[in-house]
Amino acid sequence: MSGGFALTPENRAKAEAFVARYPEGRQSSAVLAVLDIAQRQNGGWLSPAAVEHVARMLDMAEIRIYEIVSFYEMLHAQPVGEHMVRVCTTTPCMLRGSTDILEACKGELGVEIGGTTADGKFTLTEFECLGACVNAPIVWIGDDYYEDLDPERIVAILKAFRAGEPPEPGSQIGRRGSAPLGEWTSLNEFAPSGGAGEGG
């Protein structure tokens, strides 16, 4: 037994609430939620001790936990920075400048892809499709998306995180949700009386 990790009482209660959602004998169905709780408590990664703790709690073989950790990109088996900076480089983001965004991140943080800054604040990675292509290019930091970026905006965001003042997530150009830029070109008036589009 590796020892050295146990969920705090508060986190244990959160984990048990997820486990309680599943029938008796199916507690392993809560594994992703419990791993997320353990990872957040453990500074952003799942140490061998944390994996062992979750495996015991859910009555799972440790190798099953490692299979899950190695599959999902949001789980980490090695230490990472306080802020995970994931730059989407899939086609829509690439077409709208994610290559320049990535280079700006490298320059500001002084690390290559997969690297962690010397102060342990940031780890920089690429990510395949964050699923918000309308607002490309996008960078995922912590739990939030920063959208409609350019090199200057991402550098300002990273500086704000370094200063302990994370900016508001979402569009960085004032876009509302995923609405189109500029004037609406369709669906901008009600259908004639009695039509399917009529309403408030």
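Arg162 is partly exposed, with a relative accessible area of 35%. In this predicted model, Arg162 forms a salt bridge with Glu108, and the closest N and O atoms lie 2.9 Å apart. The two residues link distant parts of the chain. Glu108 belongs to helix H6, whereas Arg162 belongs to helix H7, which spans residues 151-162. The partners are 54 residues apart. Glu108 is buried, at a relative accessible area of 18%.

The Glu108 pair belongs to a wider set of charged contacts. A search of the whole structure finds 12 salt bridges. One of them joins Glu82 to Lys121, with 3.1 Å between the closest N and O atoms. Glu82 lies in the loop between H4 and strand S1 (83-88). Lys121 lies in the loop between helix H6 (98-109) and S2. The pair therefore ties together parts that are 39 residues apart in sequence. Glu82 is exposed, with a relative accessible area of 52%. Lys121 is partly exposed, at 29%.

Asp148 forms a salt bridge with Arg175. Their closest N and O atoms are 2.8 Å apart. Asp148 is in the loop between strand S4 (144-147) and H7, and Arg175 is in the segment after strand S5 (170-171), so parts 27 residues apart in sequence are tied together. Asp148 is buried, with a relative accessible area of 5%. Arg175 also counts as buried, because its relative accessibility is 12% and the cut-off for buried is under 20%. Elsewhere, Asp36, Arg40 and Asp143 are joined into one network by salt bridges that share partners.

Arg175 has a further polar partner. The side chain of Asn135 makes a polar contact with the side chain of Arg175, at 3.2 Å. Asn135 lies in the loop between S2 and strand S3 (139-141). Asn135 counts as buried, at 1% relative accessibility. Neighbours within four places in sequence aside, Asn135 is in contact with Glu147, Asp148, Arg175, Gly177 and Ser178. Both partners of the Asp148–Arg175 salt bridge are thus among the contacts of Asn135.

Strand S3 contains Val139. Val139 counts as buried, with 0% relative accessibility. Its contacts, leaving aside neighbours within four places in sequence, are Val85, Arg86, Val87, Ile101, Leu130, Asp144, Tyr145, Tyr146, Leu149 and Ile154. Leu102 is 37 residues from Val139 along the chain. The C-alpha atoms of Val139 and Leu102 are separated by 9.2 Å.

Strand S2 (residues 122-127) holds Thr123. Thr123 is buried, with a relative accessible area of 4%. The side chain of Thr123 reaches the backbone nitrogen of Gly81 at 2.5 Å. Gly81 is also one of the residues that Thr123 touches beyond four places in sequence. The others are Val80, His83, Met84, Val85, Gly114, Gly115 and Thr116. Val85 appears in the contacts of Thr123 and in those of Val139.

Helix H4 has a buried side and an exposed face. Ile65, Ile68 and Val69 are the buried residues considered here. They lie on the same side of H4, because they cover an arc of only 100° around the axis. The buried residues of H4 pack against helix H2 (31-41) and helix H3 (48-58). The face turned away from this buried side carries the exposed residues Ile63, Ser70 and Phe71.

Phe71 lies in H4, which runs over residues 62-71. Phe71 is exposed, with a relative accessible area of 63%. Phe71 also takes part in a nonpolar patch on the surface, together with Leu32, Tyr72 and Met74. The accessible area of these four residues together is about 390 Å².

Terms used
Residues numbered from 1 in each chain as written. Predicted model: local features only at pLDDT ≥ 70, side-chain atom pairs only at ≥ 80, totals over all residues. Heavy atoms only, no water. Helix = DSSP H or I, 4+ residues; strand = E, 2+ residues; numbered from the N terminus. Buried < 20%, exposed > 50% of the residue type's maximum accessible area, 1.4 Å probe, protein only. Polar contact = N/O pair within 3.5 Å; in protein donor to acceptor, adjacent residues only side chain to side chain. Contact = heavy atoms within 4.5 Å. Patch = residues over 30% accessible without salt bridge, like charges linked within 9 Å, V, L, I, M, F, W, Y side chains within 5 Å. Areas by Shrake-Rupley, 256 points an atom, 1.4 Å probe, with all protein chains shown as cover. Salt bridge = Lys/Arg side-chain N within 4 Å of Asp/Glu carboxyl O. Arc of directions from axis to C-beta.
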